[in-house]
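Please open the model in your viewer and keep the selection tool at hand. The stops below go from one selection to the next.

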Amino acid sequence: MTPEQTADQAIDPAWFRRVLGQHPTGVTVITAVGTDGQPVGMAVGSFTSVSLHPPLVAFFPDQASTTWPKIQPAGSFCANVLGADHEWICRLFATKGIDRFAEIAWRPAGSGAPIIDAAVAWIDCDLAAVQEAGDHFIVTGRVRALGITSEGPPLVFHRGAYGSFTPLS
Ligand SMILES: Cc1cc2nc3c(=O)[nH]c(=O)nc-3n(C[C@H](O)[C@H](O)[C@H](O)COP(=O)(O)O)c2cc1C
């Protein structure tokens, strides 16, 4: 195991990923309708709740993402929370060069952004702010509507692997 690294040392990227991989995340597909009218979406582990008053959420797209520049002009997006059975949907929305919506049933949220039928929950948002943060952006959304489709267990990403959540109590 690589020795502990502190802030005054250069941080090795592989070690950064390894340590941050200890932190489990949920998996969400961020969707929107592109300027050409076609649905677009990308899988993210960085979706998070930010504020209740006003209701804000955020996610962090890579500046190298080719999907984020299609989401931004829409001015709105929908975060679709994936369930334990949806590893295939996550993989689909992390794959380049394919029609990600070919086998995905969806309906438009109030903003027009796709709600994926299979998602366990959805959060429809207006784009509120975009800030640069290193090689990513911090994208904040103001929630306009949200819902739960299923109370099933979520998909969890941890140490580079997919799993689910089992309550201890
Ligand atoms: C579990 C998981 C979590 C991911 N989290 C993020 C994320 O938070 N931000 C991001 O930009 N890409 C994330 N990705 C990668 C994107 O899904 C993927 O690179 C992207 O959709 C494909 O490139 P594109 O944006 O050019 O279409 C994640 C991928 C996986 C499998």
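With which residue does Asp126 form a salt bridge? Select Asp126 and Arg144 together in this predicted model, and you will find that Asp126 forms the salt bridge with Arg144, the closest N and O atoms being 3.2 Å apart. This pair links distant parts of the chain, since Asp126 is in strand 9 and Arg144 in strand 10, 18 residues apart.

Now add Asp124 to the selection, which also forms a salt bridge with Arg144, here with 3.5 Å between the closest N and O atoms. Asp124 lies in strand 9 and Arg144 in strand 10 (residues 136–148), so this pair ties together parts that are 20 residues apart in sequence. Asp124, Asp126 and Arg144 are thus linked in a network of salt bridges. If you colour by accessibility, Asp124 is buried, with a relative accessible area of 1%, whereas Asp126 counts as partly exposed at 31% and Arg144 counts as partly exposed at 44%.

Next, select Asp117 and Arg107, whose side chains meet in a salt bridge of 3.1 Å, N to O. Asp117 lies in the loop between strand 8 (114–116) and strand 9 (121–133), while Arg107 lies in strand 7 (residues 106–108), so the pair ties together parts that are 10 residues apart in sequence. In the whole structure, a search finds four salt bridges.

Move on to Thr31, which has its place in strand 2 (residues 28–33). Is Thr31 buried or exposed? Thr31 is buried, with a relative accessible area of 0%. Beyond its neighbours within four places in sequence, Thr31 is in contact with several residues, including Val40, Phe77, Cys78, Phe101 and Ile116. Show the distance from Thr31 to Ile116, and the two are 8.7 Å apart, C-alpha to C-alpha, although 85 residues separate them in sequence. Two polar links can be drawn from the side chain of Thr31: a polar contact of 3.3 Å joins it to the side chain of Asn80, and a polar atom of the Thr31 side chain lies 2.6 Å from the backbone oxygen of Pro114.

For a stop at the surface, select Ile11, Phe16, Val19 and Leu20, which make a nonpolar surface patch of about 360 Å². Phe16 lies in helix 1 (residues 13–20) and counts as partly exposed, at 48% relative accessibility.

Finally, clear the selection and view the whole chain, which has three helices and 12 strands. Its C-alpha trace spans about 50 × 40 × 40 Å along the principal axes, and 35% of its 169 residues count as buried.

Technical notes
Residues are numbered from 1 along each chain as its sequence is written. This is a predicted model: local features need pLDDT of at least 70, side-chain atom pairs count only at pLDDT 80 or more; totals for chains, interfaces and linings use all residues. Side-chain values use heavy atoms; hydrogens and water are left out. Patches are made of residues with over 30% relative accessible area and no salt bridge: like charges are joined within 9 Å, nonpolar side chains (Val, Leu, Ile, Met, Phe, Trp, Tyr) within 5 Å. Accessible areas come from the Shrake-Rupley method with a 1.4 Å probe; for residues, only the protein chains shown count as cover. Helices (H or I, at least four residues) and strands (E, at least two) are DSSP runs, numbered from the N terminus. Buried means under 20% relative accessible area, exposed over 50%, partly exposed in between (1.4 Å probe, protein chains only). Contact means heavy atoms within 4.5 Å. A polar contact is a pair of N or O atoms within 3.5 Å; within protein, one must be able to donate a hydrogen and the other to accept it, and residues adjacent in sequence count only if both atoms are side-chain atoms.
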